[in-house]
Structure formats: C-alpha cells, structure tokens
Amino acid sequence: MARFRRKSCITLIALVLLVLIITVVLKSLTPEDSAFSSPVGIELFPDQKNDNQIQRDKKADNKPDQTKMNDSAQSEKDRELEATLRKFPPPNYYLHAFYYTWYGNPKFDSKYIHWDHPQLPHWDFKVAKGYPQGRHIPPEDVGSNFYPALGAYSSKDPSVIEAHMQQLRTAAIGVLAVSWYPPNTKDDNGEPTDDIVPLLLEVAHKYYIKVAFHIEPYKGRDEVNMYANVKYIIEKYGEHPAFFKYRTNNGKLLPLFYVYDSYLMNSEQWAKLLKHTESNSIRDTPYDAIFIALLVEEKHKRDILTAGFDGIYTYFATNGFSYGSTQRNWDSLKAFCEDNNLIFIPSVGPGYIDTSIRPWNFQNTRNRINGKYYETSLSAALEARPDFISITSFNEWHEGTQIETAIPKSSQTVYLDYLPNKPTIYLEITRKWAAIFGGERRRWQE
C-alpha cells in the first residue's frame, strides 16, 4: 500500500512536470506579436501609429516615384531641346541683330501695342494734307507693310520668344541687341518693356544666344542718368549667363552697349561719362563697358572721338540715307576706326519700307529684290573687314527691315510678302553669310 502511494506520487509529479515542460515549450514557440503575446509595452494607439506610418511610407514611396517622373519629363524636354539645337548651325557671336520687345496684344497686354501704330504726319502741313492719318486697327490691319507669320503677337508671349530664338538660331545669329528703355519709361507709342528682359534672357540662354542692350534716347537722357541706368542693367542682369560680354584687346571682359541717337547729347556731356580723366567717369569702375555710338553724319566722327566712345555703328538699313549707312563709305569708316582704336560695326538690312506709318516717305524705300539687296549689303560689310556686323533688324516691322518670317496676307490692307521665296528666306541668307563671315574672320586673324 505504501509502495502504491509512492508510485502514485511519483506519477503525479511526473505528470505535473510534463505539463510544465509542455507549457514552457509552447510559450517559447509563440511569436512576440501573436495573439498570445503580452500587451505590456505596446503603444497606447497602435492603429493610429500604423495609419501614420502607412502615410509616411506612402509619401516616402511617392517621393522617389514623383522625382523619377519629374526627372523623366525634364530629361525628355532636354532631349527634345538637344535634338532641336542639333538642327541649327553654331551661333556667330560677331553677328548681332537689333530686336524689339514693344509689341502687345489683348491676350497678354489687354490691348494692341505698336501694331496699332499711328500714321505719322509729314512735318510740312501742306504735304501732310495729301496723305492719310489715323491709327491702324489690328489684327487684320497692322502698322507694317508686311504681315508677321506669328500674327499680331505680344513680345511677352513665351511661345513667341521661343519661336524667335529658334529663328535667330536658324540664322546663326549669336547676339540679339534688345531695344531698351529704363524702367517705367517707354517710347512714344508703347509701354514700358524692361520687365520682359528676364524672360528674354532665360529663353536666350536655352538656345545659347547672348543679349546685348540697345539703349534708346529716353526722355531726359544725360550723362548722370546714363551712369545710373548702365549700373542698373549690370547689377540686375550682368551675372546672367546670357548677358553678352566681350573681351577687349587689353584683356577686360566687358558688356557692350549700343547707344541709339547718341548725337543728341553733346560730346562734352558724353566725355564726363566716358573719359578716364573725368572725376565722375564710368571707366575703371564695376560698370565700365564698351559703348558704341551711332554715326549718322561724317562730322560725328570728331564728336565720337571727343566723347570717348569705344566704337561706331551705322544702324540704318537704307543705303544712301545717311553718311554712315552709305555702303561706299564703309572702307573709310573702317580706316578711321583702325586709326583711332575704335570698334567698327556696319549695319546691314534686307530692305526698307515704312509707308504704313510714314505714308509720305516713299523716297527712302529700298526694295528687297528677293534677297539681293540684303546680300549686297552683307557683301559690302564683309569687304570692310568689320569687327562685328549688326543686322537692322530682326523684327522692326514698322520700317520693313525685319528678317523675321512673314507670310502673304489677304485683307483690305495690302501687304507685301517674301514670295516667290519661303517665309524663312532672310533667315537662310543670314545663315549663309554668318558662315562666310566666320570663315573670313579666321582668315583675317592668320
């Protein structure tokens, strides 16, 4: 009996031990996050935490995807731009085109600007009575003898600026010289345009085109505010990669400014700004630059020297209109510049006609002769071995000097066109002569 009790106790102990062992084993096999795990140490708001974590994970996952999408879209744009650029000839930075940003239309400017240019009266009242006066009425009737392929556009339209840069590159033009008025000032028929410059620089940079400034004769221009305005331009735009600078013979890298109607200020005033000897001179300051004067009459040569300018340009596209624009004078002007260490920049153009805004001015019309007038002008410029060549103009539509694309237009207003040639004919002629000019420059330097 005692032996039986001992066996029962041993069996019971063994059974209890077995149960304990099985429990410990099962416990050790249970994962920490299973239903059997202890709630101790778990966050008070596990569901909220999980939701937040999911949101963070989604954002983390989306950022790379979004970045990849943005990078992919940008890469595609870059590839398209590179493909477009490969179609163009290299830009010739010694070939400059005068460029105007004064055009506007209702979509971008709430009204038409410059396309509605008035017909200007002749200064002789008796002559004026024989010609129409009034304003043009766009978009069918614009202040030009030609009609632009882009229509009555706004200079603020990004797509227009893009198209212009492509046309400039088609023509191998490396520098556009933008017509410039100081902030809050304007020409007689327009609105302020300085606010267009930042976009112009950005798009120009995409196409490896440089931007120089063609300073207009704004109201009250004198040596004091010229200094202030040059300072403004250089401080605001001078560090932009599209801002044109030229390395002079003494190694300085300086901006270049064309100064339209420079003769309206006397040479003594200019000398205060441009002569090294003057106390308020801009020379050897952070705002020093290359200043190019407009030479109209032969007597301006002496004034330009006295004033301290760095070079001359001739602007007008009308051969014979002025001493400076008369092509047979360019050899002597080049010799004058060489003798006085000046830069010589003759201006060429495809023709001239401004009777849409000066209906009495037919005597200054120069027929394009299907491009022959332009080629003759370019040939004459090259014969003078210029430092640069300037083109009047890319888009001065009022005076009919544009090389921008134009199209035939049927309306009550009678327009000229480029037929039988293509709308791009003057871009193509420019491209041809840009290559010739580049080759000649290399030969001159040998």
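In this briefing, a contact means heavy atoms within 4.5 Å. The structure is a predicted model, in which local features need a pLDDT of at least 70, side-chain atom pairs count only at pLDDT 80 or more, and totals for chains, interfaces and linings use all residues. Residues are numbered from 1 along each chain as its sequence is written, and side-chain values use heavy atoms, with hydrogens and water left out. The protein has 12 helices and 12 strands; helices (H or I, at least four residues) and strands (E, at least two) are DSSP runs, numbered from the N terminus.

**Overall picture and confidence**

- Of the 446 residues of the protein, 48% count as buried, where buried means under 20% relative accessible area, exposed over 50%, and partly exposed in between (1.4 Å probe, protein chains only).
- Among contacts in the protein with a separation of 6 or more, 72% are made by residues 24 or more positions apart.
- The average pLDDT of the protein is 89, and 84% of the residues score at least 70; pLDDT is the predictor's confidence in each residue, from 0 to 100.
- Residues 1-5 have a pLDDT below 50, and this stretch has 0 contacts in the model beyond near neighbours in sequence.
- Residues 22-61 also have a pLDDT below 50, and beyond near neighbours in sequence this stretch has 5 contacts in the model.

**Cavities**

- A search of the whole structure finds 2 cavities of 30 Å³ or more.
- On a 1 Å grid over the protein atoms alone, a cavity is a set of points where a 1.4 Å probe fits but cannot get out, and lining residues have an atom within 4 Å of a point.
- Grid points are joined across faces, edges and corners, and a volume is the space filled by probe spheres set on the points.
- The largest cavity holds about 50 Å³ of space, and its lining consists of Tyr100, Thr101, Trp102, Ser179, Tyr181, Lys186, Asp187, Glu191 and Thr193.
- By class, that lining of the largest cavity has 3 nonpolar, 3 polar and 3 charged residues; Ala, Val, Leu, Ile, Met, Phe, Trp, Tyr, Cys and Pro count as nonpolar, Asp, Glu, Lys and Arg as charged, and the others, Gly among them, as polar.
- The second largest cavity holds about 40 Å³ of space, and the residues lining it include Phe316, Asn319, Trp330, Ser347, Val348, Tyr373 and Ser377.
- Strand 11 (347-348) and helix 11 (372-383) are the elements that give two or more residues to the lining of the second largest cavity.
- The lining of the second largest cavity divides into 5 nonpolar, 7 polar and no charged residues.

**Two helices**

- Helix 11 has 12 residues and reaches 16 Å from its first C-alpha to its last, close to the 16 Å expected at 1.5 Å a residue; the expected span is 1.5 Å times one less than the number of residues.
- Tyr373, Tyr374, Ser377, Leu378, Ala380, Ala381 and Leu382 are the buried residues of helix 11.
- The cover over these buried residues of helix 11 includes helix 10 (330-339), strand 11, strand 12 (389-391) and helix 12 (425-444).
- Arg385, just after helix 11, takes a positive phi of about 50 degrees.
- Helix 5 (residues 158-170) has 13 residues and reaches 18 Å from its first C-alpha to its last, close to the 18 Å expected at 1.5 Å a residue.
- The buried residues in helix 5 are Val160, Ile161, His164, Met165, Gln167, Leu168 and Arg169.
- Ala172, just after helix 5, takes a positive phi of about 65 degrees.

**Three individual residues**

- Val211 lies in strand 5 (residues 210-215) and is buried, because its relative accessible area is 0%.
- Not counting residues up to four places away in sequence, Val211 touches Leu176, Val178, Leu201, Ala204, Ala242, Phe243 and Phe244.
- Val211 and Tyr99 are 112 residues apart in sequence and 9.6 Å apart in space, C-alpha to C-alpha.
- Asp195 is found in the loop between strand 4 (173-180) and helix 6 (197-206) and is exposed, with a relative accessible area of 52%.
- Asp195 and Lys156 are 39 residues apart in sequence, with 9.0 Å between them in space, C-alpha to C-alpha.
- Tyr263 is found in the loop between strand 7 (253-259) and helix 8 (267-274) and counts as partly exposed, at 37% relative accessibility.
- Leaving aside neighbours within four places in sequence, Tyr263 is in contact with Leu294, Val296 and His300.

Conventions. 1 Å grid on protein atoms, 1.4 Å probe; cavity = no way out; pocket = protein on both sides within 12 Å on 5 of 7 lines; lining within 4 Å.
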